[in-house]
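Trainee: I should be grateful for a close look at a single part of this model, beginning with the place where its chains meet. Please explain the reasoning at each step.

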Amino acid sequence: MSSTLRVNPIACDGHGLCAELFPERIALDDWGYPIVDGSPIPRPLEQHAQRAVDTCPVLALRLERLTRHDR
Amino acid sequence: MSVSVSRLLLGLHSDGRPVRVDEHLHLHGPLPAPLDRRSLLDAVERSGLRGRGGAGFPTALKLRAVAGGRGRKVVLANGVEGEPPSGKDKVLLRYVPHLVLDGVQIAAHAVGANQAIVAVSQSATVELAVLQNALRERAGADRVEVRVAAAPDAFVAGEETALVNAVCGRPPRPTATPPRPFQRGVDGRPTLVQNVETLAQLALVARRGPAWFREIGTRDEPGSALVTLSGAVGRPGVYEVPLGTPLLDLVAEAGGTTEPPRSVLVGGYFGSWLDAPTAFGCDLSEASLGAAGATLGARAIAVLAEGSCALAEVARVSRYLADESAGQCGPCVHGLAAIAHATASLTQAGNVEGKLRIRRWLDQVAGRGGCRHPDGAARFIRSALEVFADEIALHARSGQCPGRDLRLLPVHRRHDRKAA
C-alpha cells in the first residue's frame, strides 16, 4: 500500500514550507501556492512527505493512503 | 419547421402570468399516486434523465446516493442560476412554478426527505414572489413542507456546497469535499441538491413514464432541455428543444442571426468558444459538442457577430469571473485576477507576450481550487485564446480593433465597468 499527497486549497495560505521541505513532489506556482504532484510516493520518500505534512502551519497538507480502489 | 417543443413550457400565458395550480393540473393531469420508491427510481433510471444544471450527472444515481444515506433527508432545489447569460431556471420558476414544486415532492419521496427547500437568488424578486404564491395555492396538498430561501447574488452561490452553506445562513462559499452534500448537507443531513429544471423533468417522468420521456432527444441524451440563446440573433430568449437539435435549427427558430456570426460561446461562462462554422455544424448534445472540444453545460449559448470586438467581451467576462471568486483558494484569487488583467491588456499594441503569460497562468489555476470555479474560468479563456488568435495578433500588431464592444455578454451590474 502506498500513499499520496493532497492539499486542501481552501485551507492553504501559501506559506510554502512544504515546497522547501519536499521539492521532489511540491513546486510553487507564481503566487507561492503549492502545486502538488499527486502520484504515489515511493517508500524511501515517505519520510520527507510526512515532514512536509507535519510542518504545514494550517494543516492543509495530508498524506493519504491509496487503497486498491484508487487510481 | 419549428424545432421547439412544449413539455416543460406547456401552456404558457401570453401575458406572462404564471400557470396557476388548477391550470397546471388541467395541462399535466394530477400527480399519480406515489409509486413505491424502488419503482420510481427504476423509472427515472430507464428515462435516462441527467442533471440539467450543467454537470449532467445521471439523476437516478444521485437520487439513489441520497436515498442510501442515514436518517431523514433534505431536498434542496437549486434555482439560483447565478450565471448572467442563463435565464432558463428563472423562466421555469416564473411561469411554471408548479412543475418545479411537483418535482420537489417526487424527489422528496424518492430519497425519503421530510424537508425541502427551493433556493433562488435574492435579486430574483419576481420568481420568489411567484413561488411563495404557488406554495399558497398548493397548501395542504403536498406531503413534504417546502421552504423558499433567498440566496445571495453570487456566481458561486449555485455551487452545491456553497448553496448548502447559503441556505444554512452561512456565507455562500464552497467547502472542501468530501463530504459532498449527498453525504452531509443541510443541517448535516444527506441532501439532494438538484437543479430546478431537472426537478421539473422529474415531474414529467413521474407522470408520463420513461418511454414517453425518451420519445425525443438522442439515445444517450434523451428528452428536451431548456436553452438560453443570446447575442446576435433575432429573438434571444429561452427555448425548449429536444437534445440533439442542430444548433443551426435553433438559431433559425430564433429568427436567424442579425449580423454575420463570428463565433459562438457554448456552455456559458464555464464553457468554450467555437468559431461559427464549427458551432453551426454541431447539435445540442454533449456528444456532438464534446467532439468539437466544447461542453453543453447548462445550455447558455451566445452568438457573437463579426462586428463585435471579441477581446473586449472576453476581457469583461474574465474580470467578472475573477471578481466572483469566492476568495478562498490562492490560485483562484491571485491567478484569475492576474489572468483578467493580462486578458484586458491583449487589446494593446505591442503586447506579444501577453498570450504566453496567460497560457502559463491558465495551466497553473486549472484544477487547483476547492470547487470548479478556476477550471471553468480557465476553459472559457483558453478557448478564447484559440478561437480569437487572429484578433489577438491584429491588436498586438496595430492596437487597432475593427470591431466595437457591443457588450453582448452580460455581467451583473456591479461588475459592469470598462475593461482596463
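Mentor: The model is a predicted one, and we may begin where its chains touch. Nine residues of chain A are in contact with twelve residues of chain B. Sorted by class, chain A contributes five nonpolar, two polar and two charged residues to this contact.

Let us now look closely at chain A itself. Its elements comprise two helices and four strands, and read from the N terminus they follow the order β-α-β-β-α-β. Along the principal axes, the C-alpha atoms of this chain fill a box of roughly 35 × 25 × 20 Å. A compact globule of 71 residues would have a radius of gyration near 11 Å, and because chain A has 11 Å, the two agree. Of the 71 residues in chain A, 27% are buried. Among the contacts in chain A with a separation of 6 or more, 64% are accounted for by residues 24 or more positions apart.

One residue of this chain, A:Gly32, deserves attention. A:Gly32 lies in the loop that joins strand 2 (26-28) to strand 3 (34-36) of chain A. Is A:Gly32 buried or exposed? A residue counts as buried with 20 or more other C-beta atoms within 10 Å, and as exposed with 12 or fewer. A:Gly32 has 14 such atoms within 10 Å and is therefore partly exposed. Leaving aside residues up to four places away in sequence, A:Gly32 touches A:Gly14 and A:Gly16. A:Leu45, by contrast, is 13 residues from A:Gly32 in sequence, and their C-alpha atoms are 23 Å apart in space.

Chain B offers two further examples. In helix 4 (residues 88-95) of chain B, eight of the eight residues are buried, so this helix is largely enclosed by the rest of the structure. The buried residues of helix 4 of chain B include the charged B:Lys88, B:Asp89, B:Lys90 and B:Arg94.

The second example is a pair of helices. The axes of helix 13 (residues 310-323) and helix 14 (residues 330-344) of chain B come within 8 Å and cross at roughly 165°. Angles over 145 degrees count as roughly antiparallel, and that crossing therefore makes helix 13 of chain B roughly antiparallel to helix 14 of chain B. The crossing of these two helices of chain B is left-handed. Residues making the contact include B:Val314, B:Ala315 and B:Ser318 of helix 13 of chain B, and B:Leu336, B:Ala337 and B:Thr343 of helix 14 of chain B. By class, this contact has nine nonpolar, two polar and one charged residues.

Definitions and conventions. Residues are numbered from 1 along each chain as its sequence is written. Chains are lettered from A and ligands numbered from 1 in the order in which they are written. This is a predicted model: local features need pLDDT of at least 70, side-chain atom pairs count only at pLDDT 80 or more; totals for chains, interfaces and linings use all residues. Axes are lines fitted to C-alpha atoms, for helices over the stretch in contact, and angles run from 0 to 180 degrees between N-to-C directions. Angles under 35 degrees count as roughly parallel, over 145 as roughly antiparallel, 65 to 115 as roughly perpendicular and the rest as oblique. A crossing is left-handed if the near helix is turned anticlockwise from the far one by less than a right angle, and right-handed if clockwise. Two residues are in contact if their C-beta atoms, placed from the backbone, lie within 7 Å. The radius of gyration is taken over C-alpha atoms; the globule rule is 2.2 Å times the number of residues to the power 0.38.
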